[in-house]
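Welcome! Take a moment to look over the sequence and turn the structure around before reading on.

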Amino acid sequence: MCMAPLLLAAGSGIAAGQGLSANETRGTSLSTQWQQSAGVVTRGPDGKVVFLFGQVQPSVVCSPLQVCDIELQPGEIVRDVLLGDTVRWKVEPATSGAPGGQAVHLIVKPAEAGLVTSMVITTSRRTYHIQLKSHRSQYMARVGFEYPEDVNARLAEINARMEASIVPGAGVAADQLDFNFSVSGSTRWKPTRIYSDGTKTYIQFPRSLSGQDAPVLFVVSGRENRIVNYRLNGTMMVVDYHIDHAILVSGVGRSQEKIVIRRRG
């Protein structure tokens with residue numbers, strides 16, 4: 001007669017022991033959000049379903065009697081492939097590409113429809129966390145990834161090409177500048193390049209020029225030499241004026257040096 005209450009109490013203790021703490025509940029909720037978020041999924045030019053790596057947990061749908069091809073980044077070395085269900089899911093490796101840049105393919109095959117499991121792939125570069133689902137007829141034939149670091153590298157390359165087409169100081173493309181200037185005179189600081197963007201004129205001096213040795217610029221207007229606003233930024237003189245005729249002067253008396261700048265045409 002006294003056993004029932006004891007058994008009930010013991011059962012209640014086991015049930016309470018299966019509960020989750022506040023942190024555990026929050027942790028599983030955050031993990032579920034990551035697993036179930038839509039994320040970015042696109043189609044590659046070769047028919048591949050492309051996931052943005054690391055954004056969400058990719059869900060790859062496979063089908064019995066079909067194969068899912070999960071392609072990793074070329075040159076990436078697979079260290080381990082771990083499956084939640086190793087009985088009803090099979091994974092076989094394959095490779096493609098030339099030696100030195102081969103890509104690893106993981107060929108995934110489910111035994112039946114209606115299965116859900118997880119797969120972890122560790123490589124020489126990253127760790128993949130993938131959810132696998134099996135459907136009786138629908139499946140993803142090819143799956144691949146877009147990597148944020150590759151996107152950043154392409155952006156850096158594009159920016160580098162754009163910056164290479166920008167002449168220092170002008171901030172516009174070289175084909176939009178006027179380089180039609182002549183320079184006469186011979187000094188150790190003779191400008192190496194002069195150009196205008198239609199508003200300002202840019203005078204590039206040799207690297208050996210120091211701030212103390214910089215010449216003074218006079219713009220020739222009629223028979224007068226007048227000073228206009230300009231500033232020296234390293235070896236670049238930026239003139240707040242579109243000049244047609246100007247003189248650069250350094251020193252005084254017999255030691256004076258002079259360069260004459262004229263716009264041709």
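The paragraphs below go from the whole protein to one sheet, then to one strand and one residue.

Keep in mind from the start that this is a predicted model. The protein has 265 residues, and 31% of them are buried. Its secondary structure comprises 3 helices and 19 strands. If you consider the contacts with a separation of 6 or more, 58% of them link residues that are 24 or more positions apart. On the outside, the protein exposes about 16300 Å², of which carbon and sulfur atoms supply 53%.

Now let us pick out one sheet. It is an open sheet of 4 strands with mixed pairing, and its order is β3-β9-β8-β5. Because β3 and β5 each have a single partner strand, they stand at the edges, and one side of each is left without a neighbour in the sheet. From one strand to the next, the twist averages 25°.

Strand β8, which covers residues 116-123, is a good place to look next. On one side, β8 pairs with strand β5 (residues 78-83) in the antiparallel sense, over 5 bridges. Within this pairing, V81 has I121 as its bridge partner, and D80 has T122. Strand β9, made of residues 127-134, also runs antiparallel to β8, and 7 bridges join the two. One of the residue pairs here is V120 with its bridge partner H129. What do β8 and β9 form, and how many residues lie between them? They form a hairpin, with 3 residues between the strands.

The side chains of β8 deserve a closer look. In a regular strand, side chains alternate between the two faces of the sheet. Which residues of β8 point to the buried face? They are T117, M119, I121 and T123, while V116, S118, V120 and T122 point to the other face and are not buried. I121, the partner of V81, is thus on the buried side of this pattern.

Finally, let us visit a residue in a loop. S63 is found between β3 (59-62) and β4 (68-71). Is S63 buried or exposed? S63 counts as buried because its relative accessibility is 2%, and the cut-off for buried is under 20%. A polar atom of the S63 side chain lies 2.9 Å from the backbone oxygen of H135. Leaving aside neighbours within four places in sequence, S63 is in contact with P110 and also with H135, R136, S137, Q138 and Y139.

Key:
Residues are numbered from 1 along each chain as its sequence is written. This is a predicted model: local features need pLDDT of at least 70, side-chain atom pairs count only at pLDDT 80 or more; totals for chains, interfaces and linings use all residues. Side-chain values use heavy atoms; hydrogens and water are left out. Buried means under 20% relative accessible area, exposed over 50%, partly exposed in between (1.4 Å probe, protein chains only). Two strands pair if DSSP finds at least two bridges between them. A polar contact is a pair of N or O atoms within 3.5 Å; within protein, one must be able to donate a hydrogen and the other to accept it, and residues adjacent in sequence count only if both atoms are side-chain atoms. Contact means heavy atoms within 4.5 Å. Axes are lines fitted to C-alpha atoms, for helices over the stretch in contact, and angles run from 0 to 180 degrees between N-to-C directions. Accessible areas come from the Shrake-Rupley method with a 1.4 Å probe; for residues, only the protein chains shown count as cover.
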